[in-house]
Amino acid sequence: MTTENSSPDVQEGAAVPGPGIDTTLARRRSAELEQRLRDDPGRFRVLTGDRPTGRLHLGHYFGTLQNRVRLQDLGVETFVLVADYQVLTDRDVAEHLAEHVEDLVLDYLACGIDPERSTIFTHSALPALNQLLLPFLSLVSVAELRRNPTVKDEIAHSRQAAVSGLMFTYPVHQAADILFCKADLVPVGQDQLPHLEVTRTVARRFNDRYAAGNPVFPEPDALLSEAPLLLGTDGTKMSKSRANAVALAATADETAALIRRAKTDATRRITYDPAARPEVSSLVLLAALCQGRDPHAVAEEIGDAGAAALKRTATEAVNDHFAPLRARRQEYARDRTYLRKVLQAGNERAAVIAESTLDEVRAAMGTRYR
Ligand code: ATP
Ligand code: MG
């Protein structure tokens, strides 16, 4: 990620700094990719996904879901992963898993991910995808996994008494998720940038060691949105597992109650300054994204009316923007059998691709015995 171009699509200052992650280069690279996507969407293949650990929230929507739908609608081949094994990275048992998986599919459909055009699948159903993990693990060192800032952050928030091997290896599992279908574009939030670096490393090393001159895997790029790190009501990354999130499916009243208790600061005048005032700026950005406006203009308009007015503006903006999505979600929720069918069809499609990639890997490694 070394390109120096900048683009008006990615607002300066919109990325609130995360734990040890510098987003400057990734944002520039995303801007360049946006240009290439406009020119030739058909040459890209997208994969992204989510852990089924709860309902998706506004951070997901503005961090990645909106981009997924936009790319799908541009004609980019899109894969959406329900990362069910990865639930176990930070907890001992995946509670309510079936319910959370259905919730994820509902959120996808309500957002506009179309299962006719995009492949929605669960990685546990794809033995060939998971088998890629073994050769991939041999391509990274323990020290590299240990210093991954997102792994460190997730260990800090883990529910496990002891950190499991799966926690350390899940960036490599993610490499298998991305590379099984040779995706070259991954629309993610900024917490995923270190993981994407692991995927790029795995792809590069595999190609160097086993496929010199005839690369098997692309080195995929992250695509960041205008809100690569939306903060939750407690001022840290909005996360399903941290009780700080406004779910896409929340009611208008739930949304109002959650935003009312969001952390702000002691300065009355509202300004948009993500570095100095992360909590206030995140609420301003949220209102701006929902209204399709510039965050500075939103802050200016609220001005001296203070945090209570900011929260009212943000609540109204969220409830107005998400009303149609919430209504669609309720419609889809009436037919649970359909949700299962979506996954079954997606799993079947993805399994064929996983088998074919594993076969190429076997050929490259000299383990194809036929
Ligand atoms: P969990 O707390 O269970 O890890 P999560 O809320 O972090 O849940 P994930 O399933 O880990 O959600 O992330 C799915 C995708 O959404 C990733 O691409 C991630 O970068 C993006 N994402 C998650 N939270 C945010 C956020 N607050 N702002 C922007 N993007 C986000
Ligand atoms: Mg997460």
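## A salt bridge following helix α3

D114 has a relative accessible area of 22%, which makes this residue partly exposed, because burial would require a value under 20%. In this predicted model, D114 is paired with R117 in a salt bridge whose closest N and O atoms are 3.0 Å apart. The arginine of the pair, R117, is partly exposed as well, with a relative accessibility of 45%.

## Confidence in the prediction

The average pLDDT of the protein is 92, and 94% of the residues reach a score of at least 70. The stretch covering residues 1–18 has a pLDDT below 50, although in the model it makes 49 contacts beyond its near neighbours in sequence.

## Helix α3 and its surroundings

Helix α3 runs over residues 97–111, and for its 15 residues a rise of 1.5 Å a residue predicts a span of 21 Å; the C-alpha atoms at its two ends are 21 Å apart, so expectation and model agree. Just beyond the helix, G112 adopts a positive phi of about 115°.

Most of α3 is covered, since 12 of its 15 residues are buried. The buried set includes the charged residues E102 and D103 together with V101, L104 and V105, and C111 also belongs to it. The partners against which these buried residues pack comprise the strands β1 (45–50), β2 (77–82) and β3 (118–122), as well as the helices α2 (58–74), α13 (306–332) and α14 (336–365).

## Cysteines without a partner

The count of disulfides in the model is 0. For C111, the nearest cysteine sulfur is that of C290, at 12 Å, whereas a disulfide would need the two sulfur atoms within 2.5 Å, so C111 is left unpaired. C181 is likewise in no disulfide, the nearest cysteine sulfur being that of C111, 20 Å away.

Both of these cysteines are nevertheless covered: C111 counts as buried at 9% relative accessibility, and C181 counts as buried at 1%.

## Salt bridges within and between elements

Across the whole structure, a search finds 29 salt bridges. Side chains of opposite charge can pair when their charged atoms come close. One example joins R200 to E197, with an N to O distance of 3.8 Å. Both residues belong to helix α9 (residues 193–210), where they stand 3 residues apart, about one turn of the helix. An α-helix has 3.6 residues a turn, so residues three or four places apart point the same way. The two partners differ in their exposure, because R200 is buried at a relative accessible area of 10%, while E197 is partly exposed at 34%.

A further salt bridge links R269 and E300, whose closest N and O atoms are 3.9 Å apart. Since R269 sits in the loop between α10 (252–260) and α11 (278–291), and E300 in helix α12 (residues 295–302), this pair ties together parts that are 31 residues apart in sequence. R269 is partly exposed, with a relative accessibility of 34%, whereas E300 is exposed, with a relative accessible area of 55%. Elsewhere, salt bridges that share partners connect R29, E32, R36, E197, R200, R204, E219 and D221 into one network, so the pair within α9, R200 and E197, is part of that network.

Notes
Residues are numbered from 1 along each chain as its sequence is written. Chains are lettered from A and ligands numbered from 1 in the order in which they are written. This is a predicted model: local features need pLDDT of at least 70, side-chain atom pairs count only at pLDDT 80 or more; totals for chains, interfaces and linings use all residues. Side-chain values use heavy atoms; hydrogens and water are left out. Buried means under 20% relative accessible area, exposed over 50%, partly exposed in between (1.4 Å probe, protein chains only). A salt bridge is a side-chain nitrogen of Lys or Arg within 4 Å of a carboxyl oxygen of Asp or Glu. Helices (H or I, at least four residues) and strands (E, at least two) are DSSP runs, numbered from the N terminus. The expected span of a helix is 1.5 Å times one less than its number of residues. Contact means heavy atoms within 4.5 Å. pLDDT is the predictor's confidence in each residue, from 0 to 100.
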